[in-house]
Amino acid sequence: MSSLVADDVRVVLGDGIVPVDGVSFNVESGGWLGVIGPNGAGKSTLLKALAGLLPYQGTVTLDPAPDGPKRRDLARVLAYVAQQPNLPPDVSVREYVLLGRTPYLGYLGNPGRHDREIADGALARLELEPLARRRLGTLSGGERQRVALARALAQQPRILLLDEPTSALDLGHQQQVLELVDRLRLDDGMTVVSTLHDLTAAAQYADRLVLLDRGRVASAGNPAEVLSVSRVREVYRALVSVTTDMRGRPVLSPVRPPEGLRPCRRDVDSA
Amino acid sequence: MSRAGRALAAAVIFVIAAVLLGALVGAADLSPWGVAATLLDRIPFVHLDTGLSTLDQNILLQIRMPRVVLALLVGGLLAIAGAGYQGVFRNPLVDAGMLGSSAGAGLAATVAIVFLSGLGSSVVPIAAFAGSLAGVAASWFASSGRRDTATLLLSGVAVGMFLTAAQAYLMQRDSQDLQQVYSWMLGSMATASWTQVDEALPYAAVSIAVLLVHSRRLDVLALGDDEASSLGLNAGRTRLIVIAAASLAAATAVAVSGLIGFVGIVVPHVARRLGGPSYAVVLPLSLLIGGGFLGLADTVARTVLSPAELPIGVVTAVVGAPVFVMILRRSQAVQA
């Protein structure tokens with residue numbers, strides 16, 4: 001069992017900017033919360049705050065709770081994968097995934113047999129064994145994303161935070177990665193919070209969505225509730241059509257506004 | 001044997017070769033067997049008939065060996081400090097010089113030569129040691145409040161330029177001391193003694209031990225601060241500890257040998273090419289290769305123009321640069 005509850009989370013940056021302001025939500029065990037919103041809405045900042053990488057006001061409650069106040073205690077419960085993970089080009093895939101064991105090593109400790117077995121298990125789980133000896137610098141975009149996920153899995157977390165896990169991936173690789181995450185949370189009961197730009201992908205995979213607009217929650221609920229034509233127009237200033245697939249999940253398609261109704265720059269700015 | 005194991009074994013052989021060459025080559029003609037036997041005879045419970053006269057033994061043990069050992073120590077310290085800095089800043093072009101260490105040592109040594117020469121020559125290394133650490137500390141505090149790597153490096157460059165300007169002013173003002181300052185700045189092992197080795201060893205041992213202990217943390221830090229923190233690492237504290245240890249290593253080296261460039265920036269690259277990117281290998285390999293390299297460079301420096309000596313900094317650059325280019329080209333060819 002694992003869950004994450006954010007209550008009135010507020011992030012204030014050094015220059016007084018408030019990119020996240022009073023955000024609250026609850027992710028049940030094994031749930032997938034998609035955080036969506038236009039550029040600059042505060043999605044990545046919110047995720048960093050949840051990961052303990054930025055100071056914040058409010059409370060974030062994790063279940064299971066970390067054993068202590070140290071970073072490594074948190075890292076044993078929660079894993080974070082950045083939007084563009086920094087993969088040192090000369091490091092091998094296996095050694096990189098093994099770094100996921102860092103929270104379990106003492107100050108003078110080195111990874112032992114048990115750690116290597118867990119790292120190898122993460123590689124096998126994501127079908128990365130054939131790449132284990134490859135250098136990170138030689139991987140494709142999709143492979144890089146899978147390797148970053150494998151490193152997070154080696155942490156054996158209960159909660160997974162993913163910042164735009166499919167950015168810069170083509171359609172096929174996007175689906176592969178999202179299916180993979182879905183399988184992980186269904187098999188392991190892992191709780192997932194991810195930011196996603198692609199609204200249809202968010203609607204297809206997440207149980208619940210939180211739509212952020214300028215740091216605040218504009219809407220929250222199941223995908224069908226959140227992704228209405230009017231709300232997308234209001235928050236994204238975009239015209240879309242929304243249909244429903246056979247599972248009742250929304251599918252969004254961008255629609256070009258009819259001639260004469262296209263917003264000019266001034267309309268957009270003053271809206 | 002793994003790639004790292006092979007590289008470490010080769011580096012140990014390289015160090016032994018550098019020691020033997022340094023012990024053998026010189027004005028006095030000592031037999032290889034006599035040199036080897038005398039060195040082995042120093043090992044506890046080993047007793048060998050060395051065949052060397054007392055004079056030859058003194059030349060070997062009191063003149064050549066302290067110099068060889070000091071060169072190994074200084075080269076190893078400069079290289080491991082450079083590797084530590086490069087790991088902390090995730091920047092392959094960083095060495096102690098970019099954090100105000102060399103400039104601090106240079107200014108302090110110049111002050112000692114110009115104003116404190118009455119206190120004897122031993123004041124120069126003490127001043128250089130203190131100046132080196134003060135230069136790094138000034139860079140650290142100049143960036144206070146924003147201790148990200150870019151700010152710290154820029155502060156280091158600014159502090160370094162200021163200290164270098166102050167040194168240049170002193171050198172112009174007291175031009176009669178120019179020769180002495182320049183010869184210190186180009187580095188030398190000419191005054192090496194066991195006393196110097198004894199004085200440097202405790203600082204060397206502490207700095208090397210701290211750096212080696214943090215090798216795995218440097219691997220994690222290579223992922224960037226956010227990801228390292230998400231893996232449970234306190235990135236800021238790790239950076240501070242590694243910078244302090246690397247600065248202690250660089251200050252110890254500069255105190256006993258003067259300013260020697262090239263080693264700290266290039267040897268870690270060679271170590272990375274030979275042993276792979278993990279700092280668990282790069283740090284010990286840098287220590288060994290740096291030591292062996294400076295040992296060889298010193299042998300060249302004292303023999304090429306014998307009985308005169310070349311500044312060791314000249315040798316490290318002239319010998320090291322082509323070797324480095326050759327290794328770069330070979331490894332690029334292998335990768336292609």
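Two strands pair if DSSP finds at least two bridges between them. In this predicted model, strand E1 of chain A meets that condition with strand E4 of chain A, since six bridges join the two. The notes below cover the strand pairing in chain A, a buried leucine in helix H1 of chain A and the contact between chains A and B.

**Strand pairing in chain A**
- Strand E1 (residues 3–11) and strand E4 (residues 57–63) of chain A run antiparallel and are joined by six bridges.
- Within this pair, Val5(A) has Thr61(A) of E4(A) as its bridge partner.
- E1(A) is also joined to strand E2 (residues 20–27) of chain A, by five bridges, and these strands run antiparallel.
- Opposite Val11(A), in E2(A), stands Val20(A).

**Leu46(A)**
- Leu46(A) lies in helix H1 (residues 43–50) of chain A.
- Leu46(A) counts as buried because it has 28 C-beta neighbours inside 10 Å, where the cut-off is 20 or more.
- Apart from neighbours within four places in sequence, Leu46(A) is in contact with Val9(A), Val20(A), Val23(A) and Val35(A).
- Gly215(A) is 169 residues from Leu46(A) along the chain, and their C-alpha atoms are separated by 8.6 Å.

**Contact between chains A and B**
- Chain A contributes 19 residues to the contact and chain B contributes 17 residues.
- On the side of chain A that touches chain B, helix H2 (71–75) and strand E5 (78–81) of chain A are the elements that give two or more residues.
- H2(A) supplies the largest share of that side, three residues.
- The residues of that side comprise twelve nonpolar, three polar and four charged.

Key
Residues are numbered from 1 along each chain as its sequence is written. Chains are lettered from A and ligands numbered from 1 in the order in which they are written. This is a predicted model: local features need pLDDT of at least 70, side-chain atom pairs count only at pLDDT 80 or more; totals for chains, interfaces and linings use all residues. Two residues are in contact if their C-beta atoms, placed from the backbone, lie within 7 Å. Helices (H or I, at least four residues) and strands (E, at least two) are DSSP runs, numbered from the N terminus. Ala, Val, Leu, Ile, Met, Phe, Trp, Tyr, Cys and Pro count as nonpolar, Asp, Glu, Lys and Arg as charged, and the others, Gly among them, as polar. A residue is buried if 20 or more other C-beta atoms lie within 10 Å of its own, exposed if 12 or fewer, and partly exposed in between; C-beta atoms are placed from the backbone.
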